[in-house]
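Me: Please take a close look at one part of this model for me. I would like to start with any enclosed empty space, then see how some of the helices pack.

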Amino acid sequence: MINVIGIGPNRENITLSALEALKNADVVIGYKKYIESVEDLLEGKKIIKKGMGDEIARGELAISKSFEGKNVALISSGDPGVFGMANLMFQLIGKYDDIEINVYPGVSAVNYSASLLGAPLHDFCAISLSDILTPIGEIEKKIEYAAKANFIIVIYNPISKTRKEPFRKFKKILLEVKGSDTLIGIVDSSQKSVKTKIVTLDKLDEDEINMSTTLIVGNSLSYVENDYLITSRGYVVKSSIHPLANEFYNNYLNGETATGSNKDCEYYPCHNDLQCCDFCFCPFYPCGDSSTGGKWIKSKKVWSCEDCSWIHEKSTVKCIKNSLKDILKEVDDLKSNKKELLKLRRACILK
């Protein structure tokens, strides 16, 4: 029996199933750093420590010990199925008959890092920048298309003393596809005290990154609030329709509202010069999503659009109008079709 066990990011985050599997093991095999982190749990067991880079040797040794009738624990940091030992073991056992193997998942670096940064994950992908086994061209293509698809991108193995080029290509691609103001969450687990930081892409310094760092790249809906990195999922914030908004959308549906820059309005410009005034009252209000600049006035629990000018950009107005006619047939649809409206908002932000 071979149990491939994920021990999580540290001693405090190991799962109950992993603890039970370790308890039942006769032999424990693993990278020496991982073994040392749980050594107090391994009393009375045969312990075999291996160096980094000996993954195949560790796997073959686990198979050999299992043929001796031993209950083998092969340990991996984080989750063994995420850039861990599970993939290798299932590849190796194709050579043999009658091997029983179980995988015990652990808390992965992406989950651990996300919990320290706030709530940055929505639809995401994880990419390793290690080009030891993967061609650099493949890594570049993954980064490019993940960025274009607006995924949250989790980066493993970002840099080492001898492997800096993949990180530099990663940063270059993101600058070209997403822009310098893209938010990056940094979690450095190289020391006993884990350090976190949130920066924009242009401030991402390779000298602050190491092999024990996990990076979480925000998407177009990610924002920072109270020092947390957050990505909105688009939940509906219920609210009544303001009387002025009710009047505006009655006029809008009758084709009686201004288009473009309404310089005859006594409040023009309420945001910036040459703004589009087609949606004087935002059809998504309140979106409850700070990614475009809105925020809660906390003492009053009122959503403020004061710092959001996105709705007044020409490209935004064009995108919204292309689909709004299919969602908004009457003013009450601002409430009854709020989910569809917020999906339209997301689509236009991405576009």
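Reply: **The cavity and two helix pairs**

The count comes to one cavity of 30 Å³ or more. This is a predicted model. The largest cavity has a volume of about 40 Å³. What lines it? The lining of the largest cavity consists of L221, S232, G234, Y235, C287, D289, L342, R345 and R346. By class, that lining holds four nonpolar, two polar and three charged residues.

Now the helices. Two packed helices are described by the angle between their axes and the distance between the axes.

Take α6 (residues 136–148) and α7 (residues 165–177). They pack at an angle of about 30 degrees, and their axes are 10 Å apart. Angles under 35 degrees count as roughly parallel, so α6 is roughly parallel to α7. The crossing of α6 and α7 is right-handed. From α6, the contact uses I136, E140, I143, E144, A147 and K148. From α7 come P166, K169, F170, I173, L174 and V177. The contact of α6 with α7 has eight nonpolar and four charged residues, with no polar ones.

Next, α3 (residues 55–67) and α4 (residues 85–92). Their axes come within 10 Å and cross at roughly 60 degrees. That makes α3 oblique to α4. The crossing of α3 and α4 is right-handed. In α3, the residues are E55, I56, R58, G59, E60 and I63. They meet M85, L88, M89 and L92 in α4. By class, the contact of α3 with α4 has six nonpolar, one polar and three charged residues.

Terms used
Residues are numbered from 1 along each chain as its sequence is written. This is a predicted model: local features need pLDDT of at least 70, side-chain atom pairs count only at pLDDT 80 or more; totals for chains, interfaces and linings use all residues. Side-chain values use heavy atoms; hydrogens and water are left out. Axes are lines fitted to C-alpha atoms, for helices over the stretch in contact, and angles run from 0 to 180 degrees between N-to-C directions. Helices (H or I, at least four residues) and strands (E, at least two) are DSSP runs, numbered from the N terminus. Angles under 35 degrees count as roughly parallel, over 145 as roughly antiparallel, 65 to 115 as roughly perpendicular and the rest as oblique. A crossing is left-handed if the near helix is turned anticlockwise from the far one by less than a right angle, and right-handed if clockwise. Contact means heavy atoms within 4.5 Å. Ala, Val, Leu, Ile, Met, Phe, Trp, Tyr, Cys and Pro count as nonpolar, Asp, Glu, Lys and Arg as charged, and the others, Gly among them, as polar. On a 1 Å grid over the protein atoms alone, a cavity is a set of points where a 1.4 Å probe fits but cannot get out, and a pocket is an open set with protein on both sides within 12 Å along at least five of seven lines; lining residues have an atom within 4 Å of a point. Grid points are joined across faces, edges and corners, and a volume is the space filled by probe spheres set on the points.
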